[in-house]
Amino acid sequence: MAGVAAALAVAAVVVPLIVAGGDAYPSPFGDAGVLAAYVGAHPDALRVTALLQFAASVPLAVLTASVVARLHALGVRAAGAMIALVGGVAAATAAAVSACAQWALSRLPETSGEALPGLVRDVAFAAGGPWYVVGSGLLLAGIAVTAAYYGLLPRVLWITGVALAVVSELATFVFVAPVAAYLIPVGRFGGLAWLVLVAVRLPRDRHGSRR
């Protein structure tokens, strides 16, 4: 599930770029006129983005449930497992909401002007950007801190998870400082890569742990 979620997240960036003939999706802080022109020229790219982002939310939710169940099977009864559950559900929900907003953006008529596309774009960005990354940061933090305490993961892996979680939570500042948007792809794709490694290294039973 971790690999599927990561692959779909990457595809949601690459495939729409190909469909749009190399035209990148406009910056969420860019001019509304540029966005309106992109929406009018590449509605299919937006629909592909929506499809792949929504699809990616499903394995992320399944992965979250699977990891929390594994932690419980390993004897974890700390709050970290529940924090991971809350964070994973929040991230999966955010990805689905962002996908729905992208789909709605692709269906706006050409007569909608610039204000309405800009509003829908902002909703899509807020959900797929800070909301998603902050939620996934809680997922990472819950797993990493719990794994550190119970000795379930190598030191370098859980330390990396904590660092990525901190970066993800700092993305909250994008609401007041747009420069924080650079933290979003780090938290998103770095977090997904970390989850793939965790899926490989997390022991299946108590005999596989180091305690």
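Start at the largest pocket: it is lined by 38 residues, and you can find its centre by selecting Val13, Tyr25, Gln53, Gln102 and Arg188, the lining residues that lie nearest to it. Keep in mind as you go that you are looking at a predicted model.

**Stop 1: the pocket and its walls**

With those five residues showing, colour the elements around them. Helix 1 (2-19), helix 3, helix 4, helix 5 (115-150) and helix 7 (183-201) are the elements that each give two or more residues to the lining. Which helix gives the largest share of the lining? That's helix 3, with 7 residues. The space inside the largest pocket comes to about 990 Å³.

Now try colouring the lining by residue class. You should end up with 27 nonpolar residues, 8 polar ones and 3 charged ones.

**Stop 2: Gln102**

Next, zoom in on Gln102, which is one of the lining residues nearest the pocket's centre. Gln102 sits in helix 4 (residues 79-106). Is Gln102 buried or exposed? Gln102 is buried, because its relative accessibility is 7% and the cut-off for buried is under 20%.

Show what surrounds Gln102. Leaving out residues up to four places away in sequence, Gln102 touches Tyr25, Leu46, Thr49, Ala50, Gln53 and Ala124. Two names here should ring a bell: Tyr25 and Gln53 also appear among the lining residues nearest the centre of the pocket.

**Stop 3: along helix 3**

Select residues 43-73 and you have helix 3. Helix 3 has 31 residues, and it reaches 46 Å from its first C-alpha to its last. That is close to the 45 Å expected at 1.5 Å a residue. Once you've followed helix 3 along, click on Gly75, which comes after it and has a positive phi, near 95°.

Go back into helix 3 and show the side chains of Arg47 and Asp44. They form a salt bridge, with the closest N and O atoms 2.9 Å apart. Where do these two residues sit relative to each other in helix 3? They are 3 residues apart, so about one helical turn separates them. In general, an α-helix has 3.6 residues a turn, so residues three or four places apart point the same way. Both partners are partly exposed: Arg47 has a relative accessible area of 35%, and Asp44 comes in at 47%.

**Stop 4: the other salt bridge**

How many salt bridges are there in the model? The count is 2, and you've just seen one of them, between Arg47 and Asp44. For the other, select Arg121 and Asp122, whose closest N and O atoms are 3.4 Å apart. Try a surface view on this pair. Arg121 is buried, with a relative accessible area of 7%, whereas Asp122 is partly exposed at 37%.

**Stop 5: Gly129 in helix 5**

Now select Gly129, found in helix 5. Gly129 is buried, with a relative accessible area of just 2%. Apart from its neighbours within four places in sequence, Gly129 is in contact with Ala124, Ile184 and Arg188. Ala124 is a residue you've already met, as one of those that Gln102 touches. Arg188 takes you back to the pocket, where it is among the lining residues nearest the centre.

Draw a distance line from Gly129 to Val200 as well. The two are 71 residues apart in sequence, and their C-alpha atoms lie 27 Å apart in space.

**Stop 6: a few more distances**

Jump to Gly3 in helix 1, a partly exposed residue at 42% relative accessibility. Then add Ala193, which lies in helix 7 and is partly exposed too, at 43%. How many residues separate Ala193 and Gly3 in sequence? The answer is 190, yet their C-alpha atoms are 8.4 Å apart in space. Now run a line from Gly3 to Ala95: here you have 92 residues in sequence and 16 Å in space, C-alpha to C-alpha.

For the last pick, choose Pro109, in the loop between helix 4 and helix 5. Pro109 is partly exposed, with 47% relative accessibility. Select Gly40 along with it and draw one more C-alpha line: Pro109 and Gly40 are 8.3 Å apart in space and 69 residues apart in sequence.

Conventions. Residues numbered from 1 in each chain as written. Predicted model: local features only at pLDDT ≥ 70, side-chain atom pairs only at ≥ 80, totals over all residues. Heavy atoms only, no water. Salt bridge = Lys/Arg side-chain N within 4 Å of Asp/Glu carboxyl O. Helix = DSSP H or I, 4+ residues; strand = E, 2+ residues; numbered from the N terminus. Buried < 20%, exposed > 50% of the residue type's maximum accessible area, 1.4 Å probe, protein only. Expected span 1.5 Å × (residues − 1). Contact = heavy atoms within 4.5 Å. 1 Å grid on protein atoms, 1.4 Å probe; cavity = no way out; pocket = protein on both sides within 12 Å on 5 of 7 lines; lining within 4 Å. Points joined across faces, edges and corners; volume = space filled by probe spheres on them. Nonpolar A, V, L, I, M, F, W, Y, C, P; charged D, E, K, R; others polar.
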